[in-house]
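Please open the model in a viewer and follow the stops below in order. Each stop names a selection and then describes what is found there.

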Amino acid sequence: MTWLDALILGVLQGLTEFFPVSSSGHLVLGKAVLGLDIPGIFFEVAVHMATLLSVLIVYRQRIWRLGLGMLGRPGGDKQAWRYVLKLLLASVPAGFIGIMFKDWCEARFEEPHFAATMIMISGCLVWSIRWARQKTRITPLEILPIALVGIVSLIAGTIIPFLIVLAIITLLLAVARTTATDDWQSKPTWMAALLMGIGQAISILPGITRSGTTVITGTWRRIDPVAAAEFSFLMSVIAIGGAGLLKVPDAMESGASIGFVPLLVGALAAMISGILAIRFFLALLRHQNFHVFAYYCWAAGALFLLLTL
C-alpha cells in the first residue's frame, strides 16, 4: 500500500463513516477498485479509530457535560446517567450480533457484490426519511427508484439478500413508527434507543449505513433528527471503540506489513474528513436535504454491480 492509496481510503472512510452511505461497504469497494489486497485488518482498525476521534472532537462539549453530570459536578447534564445508560442499551444489539455472527459477517466483507447491493438498500433507507418527517402518502413515482435497484440486484444475482435485508429494515421502521408518540421528542426515549441499537446491529453488514440506519430509525420514532444524530454519533464511540479493542490482537499481527507512513496518512485523512462529514451531515439534517444521499447510494451500488457483471 502506498501513501496515496492510504490517503484515498482514509478520506473514503472518514466521509462515509458519517455520511449515510456506509463506510464498510465503500472500503470493500474501494480496495476492489484500487486492486489492493491488504493483509489483515490493521489498516481498517486504524482508520475506524481515527473516525472515533472525529466524534470526540466535534462533540467534546457535550461529552464534557455528560462527564460532569455523571460526577454530580456543576455545569453537568442533570440527566447524564440516564442518557449514558441509553447509549449502553443501544450498544447491546450490535454487541450480540457481532459476537454471535462474527465469522459470517466478516465473510461478507470479502464479497464486493454483496456490499454494493447493501449500499443500494442504504439508498432506499435514506430515501424513506422523506416519509418519516411528515404524514404524506407514498406515490408510485417515489417507489420507482426502489423497484429499479431491485431489478439491478436481480440482474446481478443478489436479489435474495436484497429482499431479505430490505424487509428487515422495513419492519424496523414500521415498529418505530407504530410505537412512536404523537409529538416529536428532543431526546431519544428508552424504546427509541433500543430500536436505534437494532438499526446499528443491522449496519454491521458491509454496505448498510450505520449513521443513516440509526438516525432514520430515530426519526421514524419521532425523535428530532439532529438529536437523533447526536445520539447516533455518541453511540459510535462505544461501537467503534469496542470493536476496535476486540480486533487489536488480530490487527497487530498484520500491522508491520503496511508501513508507518501509509498508516499515519490514512488515519489523519480519516479523522479530518470525519470532522467535516459530521458537520455537513448535521447541516443537511437541519435543512431537510438528507434524502439526497439516496441518489448517490443507488448510483454507486448499481454502477459497481453492472460494471462488474
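A salt bridge is a side-chain nitrogen of Lys or Arg within 4 Å of a carboxyl oxygen of Asp or Glu. The model is predicted, so local features need pLDDT of at least 70 and side-chain atom pairs count only at pLDDT 80 or more, while totals for chains, interfaces and linings use all residues. Residues are numbered from 1 along each chain as its sequence is written, and side-chain values use heavy atoms, with hydrogens and water left out.

**Stop 1: salt bridges**

Five salt bridges are found when the whole structure is searched. Select Arg210 and Glu17, whose side chains form a salt bridge with an N to O distance of 4.0 Å. Arg210 belongs to helix α12 (residues 210-220) and Glu17 to helix α1 (residues 3-18), so the pair ties together parts that are 193 residues apart in sequence. Helices (H or I, at least four residues) and strands (E, at least two) are DSSP runs, numbered from the N terminus.

Are these two residues buried or exposed? Arg210 counts as buried at 10% relative accessibility, and Glu17 counts as buried at 6%. The term buried means under 20% relative accessible area, exposed means over 50%, and partly exposed lies in between (1.4 Å probe, protein chains only).

Keep Glu17 selected and display its surroundings. Leaving aside neighbours within four places in sequence, Glu17 is in contact (heavy atoms within 4.5 Å) with Ser23, His48, Thr51, Arg210, Ser211 and Ile240.

Next, select Asp77 and Arg62, a salt bridge in which the closest N and O atoms are 2.7 Å apart. This pair links distant parts of the chain, 15 residues apart: Asp77 is in the loop between α4 (60-70) and α5 (80-100), and Arg62 is in helix α4. Asp77 is buried at a relative accessible area of 12%, and Arg62 is buried at 9%.

Then move to Arg108 and Glu111, which form a salt bridge with the closest N and O atoms 2.7 Å apart. Arg108 is buried, with a relative accessible area of 12%, whereas Glu111 is partly exposed, with 30%. Now add Glu230 to the earlier selection of Arg62 and Asp77: salt bridges that share partners join these three residues into one network.

**Stop 2: helices α9 and α10**

Two packed helices are described by the angle between their axes and the distance between the axes. Select helix α9 (residues 140-156) and helix α10 (residues 159-178), whose axes come within 7 Å and cross at roughly 140°. Axes are lines fitted to C-alpha atoms, for helices over the stretch in contact, and angles run from 0 to 180 degrees between N-to-C directions.

Which residues of α9 and α10 meet? Ile146, Val149, Gly150, Ser153 and Leu154 in α9 are met by Ile159, Phe162 and Leu166 in α10. The residues of this contact divide into six nonpolar, two polar and no charged. Here Ala, Val, Leu, Ile, Met, Phe, Trp, Tyr, Cys and Pro count as nonpolar, Asp, Glu, Lys and Arg as charged, and the others, Gly among them, as polar.

Select Thr158 in the loop between α9 and α10. Thr158 counts as buried at 9% relative accessibility. Apart from neighbours within four places in sequence, Thr158 is in contact with His113, Thr117 and Ser153.

**Stop 3: Leu195**

Select Leu195, placed in helix α11 (residues 190-202) and counted as buried at 4% relative accessibility. Leaving aside neighbours within four places in sequence, Leu195 is in contact with Leu172, Val175, Ala176, Thr179, Thr217 and Arg221. Add Leu89: the C-alpha atoms of Leu195 and Leu89 are separated by 9.8 Å, with their positions 106 residues apart along the chain.

**Stop 4: Arg222**

Most residues other than glycine have a negative phi. Select Arg222, which has a positive phi of about 65° although it is not a glycine. Arg222 is in the loop between α12 and α13 (225-254) and is buried, with a relative accessible area of 8%.

**Stop 5: the nonpolar surface patch**

Finally, show the surface and select α1 and α14 (260-286), each of which supplies at least two residues of a nonpolar patch. The patch covers about 1100 Å², and its residues include Trp3, Leu34, Phe260 and Leu276. Helix α14 gives the most to the patch, with six residues. Such patches are made of residues with over 30% relative accessible area and no salt bridge; like charges are joined within 9 Å, nonpolar side chains (Val, Leu, Ile, Met, Phe, Trp, Tyr) within 5 Å. Accessible areas come from the Shrake-Rupley method with a 1.4 Å probe, and for residues only the protein chains shown count as cover. End at Leu268 in helix α14, which is partly exposed, with a relative accessible area of 42%.
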